[in-house]
Amino acid sequence: MSTKHSIVGKNLRKVDGFKLVTGRPAFTDDIHIPGLLYGKILPSPHAHARIKRIDTRKAKALPGVHAVLTYQDVPRVPHTTAGQAWPEPSPYDTYLLDSKMRFVGDRVAAVAAESRAIAEEALRLIEVEYEVLPPVLDMEHAMDAGAPVIHDEPDSKGIHDAQHNLAGYILKEIGNVEDGFREADLVIEREFRTQRVQHCMMEPHVTISWLDSDDRLVIRSSTQVPFHARRQVAMILQIPVQRVHVIKPRIGGGFGGKQEMLLEDICGALTLATRRPVKIEYTREEEFYMARSRHPQILNIKMGVKRDGTLLANKMTVLATTGAYGSHALTVQGNTGSKVLPIYRTPNMRFECHIVYTNTPVAGAFRGYGCPQGFFAQESVMDEIAHELGMDPVELRKKNMIRLGDIDELSAQLGEGRKGLPRHIRSCGLPECLDRGAAAIDWVRKRQEYAVASISDRRSGGQRPPLQAPNSHLRRGVGVACSMQGSGIAGVDWAAALLKLNEDGSFNLQVGAADLGTGADTVLAQIAAETLGVTLDKMIVCSGDTDFTPFDVGAYASSTTIISGGAVKKASEKVREHLLRIASKMLDVPVDNLTCRDNQVVTKCACEKSVSMEDLAHYAMYKEKVQVMENASHFNTDSPPPFCAQFAEVEVDTETGHIRVVHLVTAVDLGVAINPMQAEGQSEGAVAQSLGYALTEEMLLDGSGRMINPSFLDYKMLAAKDMPKLTTILVETDEPLGPYGAKSIAEVPINAPAPAVANAVFHAIGVRFYKLPIRPEDVLRALREKGQ
Amino acid sequence: MNTMQLCLIVNGEPKQWTIAPGDLLLDVLRREGYFGVKRGCETGECGACTVLVNGKPINSCLMFAAQTEGCEVLTIEGVERDGKLDPLQEAFLEYGAVQCGFCTPGMILSAKALLAERPDPTEAEVREALAGNFCRCTGYLKPVEAVLAAARVYRQKGRKTKIEKRKSKLAS
């Protein structure tokens, strides 16, 4: 596919790369603002409490303190912090500041002071008397009769059943799963548990706000959703949208954690109170317990198959907790059903989910958005079915997987918190992903020989050396798992782009899209440059600024390449038409004989006439007196899924319980890769996060709801030397709904490494794990129970 | 507040700054406009604030500025020379080793210290040298490839300068 294009499909350098490798000031906090105050939030020490009395007089009297805000000082506007398109499908259950505390880390008060030291001292001087309430920490008891009610306030809206701590509830069924189970030869039902983990983007949340010379509130923030943040801040602070200007500079990673309006409101409130510039940044510790995390889930999954492996029924029942607030509660969990179950065809599917409040850190959007939990469960059971039937796990998947031309009706039932649209499969490279991934890990041979050695400790016959040393405490195994995702939210996500010609033949590409380190600016510039026949260096990209770019929902749901890219392509095509019309006059050649190529407009025929973009721009601006400038908007009524097959090879030390991932192969159908190198990078990063999810990462809470490991010392992310060999295979397909055939890549590779590792561990030692992370002590305990 | 004078060399330029005795090197460098020094954890765990002090990579969030009296400090801003990118910076761009770019300055500086000591490192040595620089975007493969590629360029350059020196000796 890449051969017919000159810019699309090429490994071009990032358009923002130079400033990043040279350390130029580019991030939110890389700015000196005269008179800047330091903002700080007082976190609740209790998981569940009511403020009986709060006295800020001593704090206010401290020299250098400019404002102390409590719930008594700010408007009470129910809202959600979820950065979603209006009307948000998340409940409006959150307040700028409140008199009730719902988790350790909830906002008690906020101060703005001359320095960080003074701000911290001011927090210590705030006197608070709490009525400590019994907390709900265990999601399995959140709905119990008599359980404390977390959201007992009368003014919250959109909560499914506040009296039972139920933030959201989902039940959808296609066909009748019980009929399917009756017909099945084999039914397997298992329970899985997934933990609370965090994004750990390297740049913690940071917001700086000030009043500009027109008294408008300017908010410079590390956000994935500048336009949603503008709308939400305006609503919460009760000022017109017109008076808010949100700027998204370079962002140090987000992974969904910044798809939240998290600090913008309180920072803005402090600026309005002091009329001074204010900065609030989370420390790493605060980032852990005051920002967002992945929803922990307990999943019960029951699958029924015929003896030949044909799937007859698939039933998933989930209990999830959203923590203290319902940000993304319904939609993340909806995804656990709508993007997981339909990867395998079956006439009978049922998904039921209770999403409960607990007095724990708030969950939110996190790369994968409900899918990593669901695929861990489903792909583990698929492996178990293959084992029971004596089938190759790859073959079982191939037999059942969704195919080109299929229409997935479950996603029509499970939309973005409301009824959705059916998903038509217009491109599908999953079979090729399985084949090429299997070849890359040497699946057939290792599957057979590791198993032989594991079971009998005998040397395998034949000429080949044994893959597994006999009687060794090191056991190897290989495992596979598949997944899919979406590319934007069907019928909801939309974006606009504006493209403007300058007199030297360069172009301003203005997009609302929010590059948060993903490479979106580069990919969008490549789409524009390809369409206009110019080199990438002709593109000046401005992104994510609510004053200077058109609207975009923001960077989430793997939407940017397909949705924002769609808008860029449309705008570029309109500009191209305009350029050709002008060139036609200049060259006295009909438009249909012209094309854009190599920074010029050239004739298609043999006459070889041409005009450079620069000359054309001069002519347009100074002769025709016209600004060549076009904008376009784009949305899709479908969300084409990227597909992924991932293979893990592990080595389990049966003496220490340590699981070493030796090799992780990702074969991913992303449509057409606009920039293959960047696409690989997205996949490799997702794999690293998922391996942490599988083996090491977990936010641990004590009996009072306080996180006990809020640091990188105690919360183990994988470092450079912890990583296995990675192989990434981009399986290209041509997606009709995507610009130049592109779908998406950002999320899908995070879904299946964890189950692939778990399945490989089963292959190595014959023990199946139903809970993440799989820690050495879990392995040792399981081996002991097994009698080894 | 107590203040003191700090004299040091930053990116080859002598500097004299007024600091408080308890100021951290990270805070002082950022205050003086070296924004390439990133604040990621302030507890010496993430490596985003890595700078070289007398050629050694350190977490500037764990060092008092006062401790750098008379020292040579290199930040990412000083890695590019005469408007030309260092081979490490070129390689990070060429190999797609930069995603969000927040950990990039620290990684490049850790790699620079490694290559000064070991011009021909193994992949394992590169991974060990980068082990203190967390990156949540890349999965580390492309940064490791970039460092190995930059090492090749450094070695080639080293050979070239040696040959040129020999040539100029012969000529004289």
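I will go through three parts of this predicted model: the contact between its chains A and B, the two domains of chain B, and a small piece of sheet in chain A.

Let me begin with the contact between the chains, where 42 residues of chain B are in contact with 41 residues of chain A. If we look at the side of chain B that touches chain A, the elements giving two or more residues to that side are four helices of chain B, namely H2 (87-94), H3 (104-117), H4 (123-129) and H5 (141-171). The largest share among these comes from H2(B), which supplies four residues. As for the chemical character of that side of chain B, it divides into 22 nonpolar, eleven polar and nine charged residues.

Staying with chain B, I would now like to turn to its division into domains, with domain 1 covering residues 1-78 and domain 2 covering residues 81-172. The centres of these two domains of chain B, taken over C-alpha atoms, are separated by 22 Å, and the contact between them takes 15 residues from domain 1 and 13 residues from domain 2. On the domain 1 side of that contact, the elements that give two or more residues are strand E3 (50-53) and strand E4 (56-59) of chain B, and of these E3(B) gives the most, with three residues. By class, this side of domain 1 of chain B has nine nonpolar, four polar and two charged residues.

Finally, let me move to chain A, where three strands form an open sheet in the order E22-E23-E24, with antiparallel pairing. Which strands stand at the edges of this sheet? They are E22 (594-597) and E24 (610-612) of chain A, and because each has a single partner strand, one side of each is left without a neighbour in the sheet. From one strand to the next, the twist averages 20 degrees.

Looking at one of the pairings in more detail, E22(A) and strand E23 of chain A, which covers residues 600-603, pair in the antiparallel sense over four bridges. Within that register, Thr595(A) has Val602(A) in E23(A) as its bridge partner. The sheet also has a helix packed on it, H16 of chain A (residues 613-623), which touches both E23 and E24 of chain A, and the direction of H16(A) makes about 80 degrees with that of E24(A).

Key:
Residues are numbered from 1 along each chain as its sequence is written. Chains are lettered from A and ligands numbered from 1 in the order in which they are written. This is a predicted model: local features need pLDDT of at least 70, side-chain atom pairs count only at pLDDT 80 or more; totals for chains, interfaces and linings use all residues. Two residues are in contact if their C-beta atoms, placed from the backbone, lie within 7 Å. Ala, Val, Leu, Ile, Met, Phe, Trp, Tyr, Cys and Pro count as nonpolar, Asp, Glu, Lys and Arg as charged, and the others, Gly among them, as polar. Domain bounds come from an automatic or database domain assignment. Two strands pair if DSSP finds at least two bridges between them. Axes are lines fitted to C-alpha atoms, for helices over the stretch in contact, and angles run from 0 to 180 degrees between N-to-C directions.
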